[in-house]
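Biologist: I'd like to learn how to read a protein model. Could you walk me through one?

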Amino acid sequence: MCDNWGYEKLHKADEKRAIDEMKHAEKLIGRILFLDGTPIVSNLNKISIGATVEKQHKKDHAAESDAIASYNEGIKLAMEIGDNGTKELLDSILKDEEAHIDWIEAQIDQIEQMGIQNYLSDQRG
Ligand SMILES: [Fe+2]
């Protein structure tokens, strides 16, 4: 959507974040297979995309926040059962997710400080 609107800078940032998420999925699938599990990739969470850039940032913030909570729970469980390999994987993904939410919060702050029109003008590329 951002590409279609001509917000090239924002489009590139969103695309990079999406690629990070795909790499996370790949690593998690690899770990599940290593543990002789069966990854289930058909049960997807509901995808919620905002109709405006501001709404996109807010929905993405909520999704990243949920992901951070889930990874923290997973790390806690991995520690409880002594699975250090899984803990290390989840630690590395958690760091990426925290960087994602930090970036989104910066965008929300910028919109608040400079106004949506100035922000969007800066996102054209
Ligand atoms: Fe993320």
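Biologist: What does the secondary structure of the protein chain come to?

Modeller: Keep in mind that this is a predicted model. The chain has five helices and zero strands. Reading along the sequence, you get the pattern α-α-α-α-α.

Biologist: What does the C-alpha trace span along its principal axes?

Modeller: About 50 × 25 × 25 Å. As for burial, 14% of the 125 residues count as buried. Look at the contacts too: of those with a separation of 6 or more, 60% are between residues 24 or more positions apart.

Biologist: Let's turn to a single helix. How many residues does H4 have, and how far does it reach?

Modeller: H4 has 31 residues, and from its first C-alpha to its last it reaches 45 Å, close to the 45 Å expected at 1.5 Å a residue. You can try the same reading on H2: its 27 residues reach 39 Å, close to the 39 Å expected.

Biologist: And how do I describe two helices that pack together?

Modeller: Two packed helices are described by the angle between their axes and the distance between the axes. Take H2 (residues 8-34) and H4 (residues 84-114): their axes come within 11 Å and cross at roughly 170°. That angle makes H2 roughly antiparallel to H4, because anything over 145 degrees counts that way.

Biologist: Which residues make that contact?

Modeller: From H2 there are Arg17, Asp20, His24, Lys27 and Arg31, and from H4 there are Thr86, Leu89, Ile93, Asp96 and His100. Sorted by class, the contact of H2 with H4 has two nonpolar, three polar and five charged residues.

Biologist: I notice a rhythm in those numbers. Is there a general idea behind it, or what should I look for?

Modeller: There is: an α-helix has 3.6 residues a turn, so residues three or four places apart point the same way. Keep that in mind as you look at Arg17, Asp20, His24, Lys27 and Arg31 on H2.

Biologist: How do the axes of H3 and H4 cross?

Modeller: The axes of H3 (residues 53-80) and H4 come within 9 Å and cross at roughly 155°. So H3 is also roughly antiparallel to H4. The crossing of H3 and H4 is left-handed. The residues of their contact divide into 13 nonpolar, eight polar and eight charged.

Biologist: Which residues of H4 are buried, and what covers them?

Modeller: The buried ones are Thr86, Leu89, Leu90, Ile93, Glu97, His100 and Ile104. What covers them includes H2 and H3.

Biologist: How about a residue like His11: where is it, and how exposed is it?

Modeller: His11 is in helix H2. His11 counts as partly exposed, because it has 17 C-beta neighbours inside 10 Å, and buried would take 20 or more. Leaving aside neighbours within four places in sequence, His11 is in contact with Cys2 and Asp3. Glu105 is 94 residues away from His11 along the chain, and their C-alpha atoms are separated by 17 Å.

Biologist: Last one: what should I know about phi?

Modeller: Most residues other than glycine have a negative phi. Now check what follows the helices. H4 is followed by Gly115, with a positive phi near 85°. H2 is followed by Asp36, which has a positive phi of about 65° although it is not a glycine.

Biologist: Where is Asp36 found, and is it buried or exposed?

Modeller: Asp36 is found in the loop between H2 and H3. Asp36 is exposed, with 6 other C-beta atoms within 10 Å.

Technical notes:
Residues are numbered from 1 along each chain as its sequence is written. This is a predicted model: local features need pLDDT of at least 70, side-chain atom pairs count only at pLDDT 80 or more; totals for chains, interfaces and linings use all residues. Axes are lines fitted to C-alpha atoms, for helices over the stretch in contact, and angles run from 0 to 180 degrees between N-to-C directions. Helices (H or I, at least four residues) and strands (E, at least two) are DSSP runs, numbered from the N terminus. Angles under 35 degrees count as roughly parallel, over 145 as roughly antiparallel, 65 to 115 as roughly perpendicular and the rest as oblique. Two residues are in contact if their C-beta atoms, placed from the backbone, lie within 7 Å. Ala, Val, Leu, Ile, Met, Phe, Trp, Tyr, Cys and Pro count as nonpolar, Asp, Glu, Lys and Arg as charged, and the others, Gly among them, as polar. A crossing is left-handed if the near helix is turned anticlockwise from the far one by less than a right angle, and right-handed if clockwise. The expected span of a helix is 1.5 Å times one less than its number of residues. A residue is buried if 20 or more other C-beta atoms lie within 10 Å of its own, exposed if 12 or fewer, and partly exposed in between; C-beta atoms are placed from the backbone.
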